[in-house]
Structure formats: C-alpha cells, structure tokens
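Q: I have just opened my first protein model and I would like to learn how to read it. Could we go through it together?

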Amino acid sequence: MRTATKNHTKVWYANYLGETEELDEYGYHTGRYYPTYSEPILRYMNIGGTRYTASWDLNGFTTDYRREIVTCDKSLGWKENTVLWVGIDPIDSEQNEVKHNFIVEKVSPTKNAILYTIKEVQNS
C-alpha cells in the first residue's frame with residue numbers, strides 16, 4: 001500500500017533527544033529536568049480521520065482527539081514521545097515558538113508501512 005500524494009498534509013515534527021538539567025542564573029544545577037527535542041522538520045504525510053470522545057466529570061468537560069498517520073517512510077525515527085505540529089507551523093509570523101498540538105501515542109509498524117496513532121494535547 002502506498003500513500004497518494006494528493007492526500008498529504010503538512011506536518012512538522014521534533015524527535016525526543018533526552019532530558020537536560022535546568023541551570024539557574026548563576027550556572028548551578030537546580031535538579032529539575034526538561035525534555036529536549038530536535039529542531040522541527042517538515043514532512044508531508046497522509047493523516048486519517050479523527051476519533052473523538054467526550055466525557056463529563058467533576059472537573060468539567062474532557063475531550064480526547066486521536067488521529068492516524070500512515071507513511072511508507074521508515075526513516076523518520078518517531079517514537080511514542082515525538083511531538084507534532086499538525087495544521088500549524090512551529091514558528092509564527094512574529095518569529096515566536098508555537099507549542100505542539102499533537103504527540104505520537106503509538107507506533108505500529110507493518111511490512112510495507114508504519115501507522116502512527118497521534119493524540120491531541122492541550123498546551124497552556
């Protein structure tokens with residue numbers, strides 16, 4: 001199975017590189033760590049439809065969006081913590097960084113392609 005070019009959507013991604021320890025203003029270690037990602041890379045991929053669930057609990061209304069990406073490119077190196085910008089650019093017109101809106105939830109390789117399940121995340 002090959003993916004048709006006319007179905008491709010612009011997707012930016014950054015692979016997880018590890019964790020980096022935070023330093024204070026004097027260069028001392030704080031003991032806090034934050035994730036480090038590669039520079040965003042642009043690819044065009046086939047993105048499947050949305051699976052949506054919603055629920056109401058004591059904290060309010062909760063939504064859960066999941067989509068699927070199918071690609072024949074096995075050189076991406078995506079893992080379960082790769083961050084994605086789907087439908088948005090990682091840098092806006094004022095050169096500010098934009099937070100990612102999806103994260104890879106599951107990687108399912110097959111003989112001819114790889115299916116990635118991605119989940120929408122709410123960044124504040």
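Q: Let me start with one side chain: is lysine 10 buried, partly exposed or exposed?

A: Happy to help, and keep in mind that this is a predicted model. Partly exposed is the class between 20% and 50% relative accessible area. Lysine 10 has a relative accessible area of 34%, so this residue is partly exposed.

Q: Which residue forms a salt bridge with lysine 10?

A: To find a salt bridge, look for a side-chain nitrogen of Lys or Arg within 4 Å of a carboxyl oxygen of Asp or Glu. Here the partner is aspartate 89, and the closest N and O atoms of the pair are 3.4 Å apart. This contact joins distant parts of the chain: lysine 10 sits in strand E1, aspartate 89 in the loop between E7 and strand E8, and 79 residues separate them. Aspartate 89 is partly exposed too, because its relative accessible area is 33%.

Q: How many salt bridges are there by this rule?

A: The count comes to four. Among them is the pair of aspartate 73 and arginine 43, with the closest N and O atoms 2.6 Å apart. Aspartate 73 lies in the loop between strand E6 and E7, while arginine 43 belongs to strand E4, 30 residues away along the chain. Another one brings together glutamate 105 and arginine 66, at 2.5 Å from N to O. Those two come from strand E8 and strand E6, and they are 39 residues apart.

Q: Now the surface. Which residues form a nonpolar patch there?

A: For a patch like this, look for nonpolar side chains within 5 Å of one another, each with over 30% relative accessible area. In this model Tyr52, Trp56 and Phe61 make up such a patch, and together they have about 430 Å² of accessible area. Take tryptophan 56, which is part of strand E5. Its relative accessibility is 67%, so tryptophan 56 counts as exposed.

Q: What about hollows: what volume does the largest pocket have?

A: With a pocket, ask about its volume first and then about its lining. The largest pocket has a volume of about 300 Å³. Its lining consists of 15 residues, and Tyr37, Ser38, Pro40, Trp85 and Glu97 are the ones nearest the centre.

Q: Which strand gives the most to that lining?

A: That is E3, with three residues. Strand E7 also supplies at least two. Sorted by class, the lining of the largest pocket has nine nonpolar, three polar and three charged residues.

Note on methods:
Residues numbered from 1 in each chain as written. Predicted model: local features only at pLDDT ≥ 70, side-chain atom pairs only at ≥ 80, totals over all residues. Heavy atoms only, no water. Patch = residues over 30% accessible without salt bridge, like charges linked within 9 Å, V, L, I, M, F, W, Y side chains within 5 Å. Areas by Shrake-Rupley, 256 points an atom, 1.4 Å probe, with all protein chains shown as cover. Helix = DSSP H or I, 4+ residues; strand = E, 2+ residues; numbered from the N terminus. Buried < 20%, exposed > 50% of the residue type's maximum accessible area, 1.4 Å probe, protein only. 1 Å grid on protein atoms, 1.4 Å probe; cavity = no way out; pocket = protein on both sides within 12 Å on 5 of 7 lines; lining within 4 Å. Points joined across faces, edges and corners; volume = space filled by probe spheres on them. Nonpolar A, V, L, I, M, F, W, Y, C, P; charged D, E, K, R; others polar.
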